[in-house]
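I opened the notebook with a plain aim: to look up how the parts of this chain are put together. Entries follow in the order I made them.

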Amino acid sequence: MDVRDAERRTDGLFDAGVSREPNFLERIITDDLSSGRVTKIITRFPPEPNGHLHIGHAKSICLNFGLAERFGGECNLRFDDTNPTKEETEYVEAIKRDVAWLGASWAKLAYASDYFARFYEWALELIRAGKAYVDFQTPEAIRKNRGTLTEPGTDSPYRNTSAEENLALFEKMRTGDFADGECVLRAKIDMAHPNLNMRDPVLYRILHVAHHRTGDDWCIYPMYDFAHGYEDAIEGVTHSICTLEFEDHRPLYDWLLDNVSVPSRPHQYEFARLNLTYTVMSKRYLLELVTTGLVHGWDDPRLPTISGLRRRGYTPSAIRRFCALVGVAKANSMVEAEYLESILRDELNATAQRVMTVLRPLKMVLTNYPEDQVEEFEAGNNPEDPSAGSRTVPFCRELWIERDDFEEVPPKGFFRLSPGKEVRLKHAYLVTCRDVIKDAEGNVTELHCTYDPATRGGDAPDGRKVKGTLHWVSARHAVPLEVRLYDRLFTRKDMSNLEEGKNFRDYLNPDSLVVCRSFGEPLLKNADPETRFQFLRQGYFCVDPDSTPECPVFNRTVSLKDSWAKEVRKGG
């Protein structure tokens, strides 16, 4: 592929049709290809399998796979599984599903654990060269002796142990002669280095824990910083792209590569991670939410996990477009959650089938309509897409309407139903409220109305106009639904900056999930999971995996308008 053609592309899977100027990484790659420094681009997406991926990882997926696609290269999916205390096969499989769902195809599926034997040999190479040593200080002592940003660290008393003795000690670490935490292998660099990551960092620790892939083959495991560059070198990665917090780790990445005989020499580049308002991205916080039952699993639709977004009804194309529009920068910033929602809303407006549902039902009886009569009305499936066709909806004497569409004493500007008022039933007739039925406590339980048979289709032959149009569902044909109204999980806009003395739990939104017993059109009974609809006047909804024909379940994906922002403005 011609480099200039790659720069102009907007039709790639991860370009998402967005026309833009090349980002700084694309300019670097263009220069590298033009100068001949590299002949083929190889990137990698390297998650640790200690939880599910979230929207921030989606940006990295789009970037790494997108660069490979744009420049005719390859991208590997590699699991950095170097900590068996937190990693599980379940997470590996979940990550593979999420990456594939977003539309990515990896050139190679790899694991850090594939390279444990080579890592060990490189550790021996460092020890033989006098550039690594076994340290028996406690973790607390190592932290204390590391120094501060303004004060140098203190040499370990084990720092000058001979290479021969360190080789023997490291072999004992390998064969399990030492307990967890009894000693570590450290790099021998510079305890006065201005970058704290270069002050003799830990390279290996002892963990007598079975690994999800290698079992009990190993009881020593490399640190991420040690493994990262070596994995890249083994795989021939040309551009190792990390988020900005790894910028201070790059000197160590380079030092480790420069001091052993690696088969290739990758380079690390950093970009700004994705931060989203009203959201936590920390895996530690997400894990706590899941394990404490504050949410219903990793795919809870309130979470920013890819599996949660998928279950809520987000599409891979909307997520890819969001990532493309957010772009790639060198400085961290906060992206409004409303921006992601608006991108999804625009897509679903163009693609989602319209249906009528009643979330909080109130019965309407048309007292002058024949009791046994049933009619059918034609309703368009999507006004934005004429090719989507139409469907028929049944109509009878008893209907369900939305409880919020009736007010016994209507406030000013209320154009929906009230005693004596005429409104339009969408696709059907004009009706007038004649009587209000209440229970013993005074609650409205039923409305008795009359319909005008001459207004079939919703227009009056005499030309009279009505301002209110209501959606409805035939009571005789209605399908009972469980509708889950999801909202933001947190009430604070910037969850990375909490008030003093508070933690993230203090900002949980008590109304993040409201469950409604509702009614919908008959076609909703057998809708497949992940099918998306627009519920007229309600929002966009998706069939949940819990759904069955006996109990269809729908999740609210996004409202028709940004009601949250409206409430925030109202509250000042």
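Before the first entry, a cut-off: I count two strands as paired if DSSP finds at least two bridges between them. The model is a predicted one.

**Entry: strands 18, 19 and 20**

I began with strand 18 (residues 422-425) and strand 19 (residues 430-438). They run antiparallel, and three bridges join them. That satisfies the cut-off of at least two bridges, so I log them as a pair. I then looked for the partner of E422 and found T432 of strand 19 opposite it. The two strands make a hairpin, with four residues between them. In that turn I noted H427, whose phi is positive at about 75 degrees.

Next I moved on to strand 20 (residues 444-451). Strand 19 pairs with strand 20 too, over seven bridges and in the antiparallel sense. Which residue of strand 20 is the bridge partner of T432? I found T450 there. T432 therefore has E422 opposite it in strand 18 and T450 as its partner in strand 20. Strand 19 and strand 20 also form a hairpin, here with five residues between the strands. G442 in this hairpin has a positive phi near 90 degrees.

**Entry: the open sheet 4-5-6-7**

I turned to an open sheet of four strands. Its order is 4-5-6-7 and its pairing is antiparallel. Which strands are at the edges? They are strand 4 (132-135) and strand 7 (220-222), each of which pairs on one side only. From one strand to the next, the twist averages 20 degrees.

I checked one pair in detail. Strand 4 and strand 5 (residues 184-187) run antiparallel and are joined by four bridges. Across that pair, A132 stands opposite A187. I also looked for what packs on the sheet, and found helix 7 (residues 163-175). Helix 7 touches strand 4, strand 5, strand 6 (202-206) and strand 7. The direction of helix 7 makes about 60 degrees with that of strand 4.

**Entry: helix 8 and its two partners**

I took helix 5 first. The axes of helix 5 (residues 116-128) and helix 8 (residues 224-235) come within 11 Å and cross at roughly 115 degrees. I therefore log helix 5 and helix 8 as roughly perpendicular to each other. Their crossing is right-handed. From helix 5, the residues in contact are R118, F119, W122, A123 and L126. They meet F226, A227, Y230, E231 and I234 of helix 8. Sorted by class, this contact has eight nonpolar and two charged residues, with no polar ones.

Then I took helix 9 (residues 250-258). Helix 8 packs against helix 9 at an angle of about 60 degrees, and their axes are 9 Å apart. That makes helix 8 oblique to helix 9. This crossing is right-handed as well. On the helix 8 side I listed D225, F226, H228, G229, Y230, D232 and A233. On the helix 9 side I listed L252, Y253, L256 and L257. By class, I logged seven nonpolar, two polar and two charged residues. F226 and Y230 appear in the contact with helix 5 and again in the contact with helix 9.

**Entry: two single residues**

Is S559 buried or exposed? I found S559 in strand 27 (residues 553-559). S559 has a relative accessible area of 16%, under the 20% limit, so it is buried. Leaving aside neighbours within four places in sequence, S559 is in contact with R345, Q538, G539 and Y540.

T315 came next. T315 lies in the loop between helix 11 (306-312) and helix 12 (316-326). T315 is buried too, with a relative accessible area of 7%. Setting aside its neighbours within four places in sequence, T315 is in contact with W101, L344, E347, L348 and R532. I also checked T315 against Y429, 114 residues apart along the chain. Their C-alpha atoms are separated by 36 Å.

**Entry: the whole chain**

I finished with totals. The protein chain has 14 helices and 27 strands. Its C-alpha trace spans about 100 × 60 × 45 Å along the principal axes. Of its 572 residues, 53% are buried. Among contacts with a separation of 6 or more, 72% are between residues 24 or more positions apart.

Definitions and conventions. Residues are numbered from 1 along each chain as its sequence is written. This is a predicted model: local features need pLDDT of at least 70, side-chain atom pairs count only at pLDDT 80 or more; totals for chains, interfaces and linings use all residues. Side-chain values use heavy atoms; hydrogens and water are left out. Axes are lines fitted to C-alpha atoms, for helices over the stretch in contact, and angles run from 0 to 180 degrees between N-to-C directions. Angles under 35 degrees count as roughly parallel, over 145 as roughly antiparallel, 65 to 115 as roughly perpendicular and the rest as oblique. A crossing is left-handed if the near helix is turned anticlockwise from the far one by less than a right angle, and right-handed if clockwise. Contact means heavy atoms within 4.5 Å. Ala, Val, Leu, Ile, Met, Phe, Trp, Tyr, Cys and Pro count as nonpolar, Asp, Glu, Lys and Arg as charged, and the others, Gly among them, as polar. Buried means under 20% relative accessible area, exposed over 50%, partly exposed in between (1.4 Å probe, protein chains only).
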